[in-house]
Amino acid sequence: MTITRWTPIHDLAAVEVDRLNRMFSAVFGNEPLATGSWTPAVDIYEAPNHDLVVKAELPAMKKEDIKVTVEQNVLTIEGERKFESEVSRDQFHRLERGYGAFRRSFTLPSTLDASRVSASYVDGVLTVTLPQRAEAKPRQIEVNG
């Protein structure tokens, strides 16, 4: 089993860089703030069978607008939530939901089997299951005596 050093400062720095990129894109890009990039909420946990599970909230999206890739131990979830409404933009009193493109990337431990990754999208929640390699799963050793 490979031990991976976790540095929370690195993760926080990545969030801040994403936030700065979104801010500059909204200011200097062609899109207004309400339709700039947004960041979906993500939960990552280890299942009882030791698989890694990533759940992302992607409400009001079509599965065709979501792309999931795993390359060189990096999971990337990206897509675009389009602003489609029967109400014109100038009729809104408040517009808080984010629209536009998003991209989230997560560094994965090397113990995962990238060839067996699966993804499903149900009720606005994307679930990506990343199974561990068989040799990386813990196994009980019998003690002889």
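Is V15 buried, exposed or partly exposed, and what is its relative accessible area? V15 is partly exposed, with a relative accessible area of 39%. Keep in mind, as you look around, that this is a predicted model.

**Helix α1**

V15 has its place in helix α1, a helix that covers residues 8-28. If you follow the chain from V15 to R104, you pass along a separation of 89 residues in sequence. In space, the C-alpha atoms of V15 and R104 are 9.8 Å apart.

L20 also lies in helix α1. Together with M23 and F24, L20 forms a nonpolar patch on the surface. The accessible area of these three residues together is about 290 Å². L20 itself has a relative accessible area of 44%, so it is partly exposed.

**The open sheet**

Now turn to the strands. Four of them make an open sheet in the order β1-β2-β7-β6, and the pairing is antiparallel. At the edges of this sheet you will find β1 (42-46) and β6 (118-122), each of which pairs on one side only. On average, neighbouring strands in the sheet are turned by 15° against each other, direction ignored.

A good place to check the pairing is between β1 and β2, the latter spanning residues 52-57. These two strands are joined in the antiparallel sense over 5 bridges. Within this pair, E46 stands opposite L52 in β2.

**The β3-β4 hairpin**

Another pairing joins β3 (residues 66-71) to β4 (residues 74-81), again antiparallel, over 6 bridges. The two strands form a hairpin, with 2 residues between them. In the turn, Q72 has a positive phi of about 50°. Along the hairpin, K67 has E78 in β4 as its bridge partner.

**Salt bridges**

Side chains of opposite charge can pair when their charged atoms come close. The count for this model is 3 salt bridges, and the table lists them.

| Salt bridge | Closest N to O distance |
|---|---|
| K82 and D65 | 3.4 Å |
| E78 and R103 | 3.7 Å |
| R116 and D113 | 3.0 Å |

How far apart along the chain are K82 and D65? They are 17 residues apart, and the pair links distant parts of the chain. K82 sits in the loop between β4 and β5 (100-107), while D65 belongs to the loop between β2 and β3. K82 counts as partly exposed because its relative accessibility is 40%. D65 is likewise partly exposed, with a relative accessible area of 24%.

The salt bridge of E78 with R103 also links distant parts of the chain, as these residues are 25 apart. Here E78 lies in strand β4 and R103 in strand β5. E78 is thus the bridge partner of K67 in the hairpin and a salt-bridge partner of R103. R103 has a relative accessible area of 52%, and the cut-off for exposed is over 50%, so R103 is exposed.

In the remaining pair, the side chains of R116 and D113 meet with 3.0 Å from N to O. Which of these two is buried, and which is partly exposed? R116, at 44% relative accessibility, counts as partly exposed. D113 has a relative accessibility of 19%, and buried means under 20%, so D113 counts as buried.

Definitions and conventions. Residues are numbered from 1 along each chain as its sequence is written. This is a predicted model: local features need pLDDT of at least 70, side-chain atom pairs count only at pLDDT 80 or more; totals for chains, interfaces and linings use all residues. Side-chain values use heavy atoms; hydrogens and water are left out. Patches are made of residues with over 30% relative accessible area and no salt bridge: like charges are joined within 9 Å, nonpolar side chains (Val, Leu, Ile, Met, Phe, Trp, Tyr) within 5 Å. Accessible areas come from the Shrake-Rupley method with a 1.4 Å probe; for residues, only the protein chains shown count as cover. A salt bridge is a side-chain nitrogen of Lys or Arg within 4 Å of a carboxyl oxygen of Asp or Glu. Helices (H or I, at least four residues) and strands (E, at least two) are DSSP runs, numbered from the N terminus. Buried means under 20% relative accessible area, exposed over 50%, partly exposed in between (1.4 Å probe, protein chains only). Two strands pair if DSSP finds at least two bridges between them. Axes are lines fitted to C-alpha atoms, for helices over the stretch in contact, and angles run from 0 to 180 degrees between N-to-C directions.
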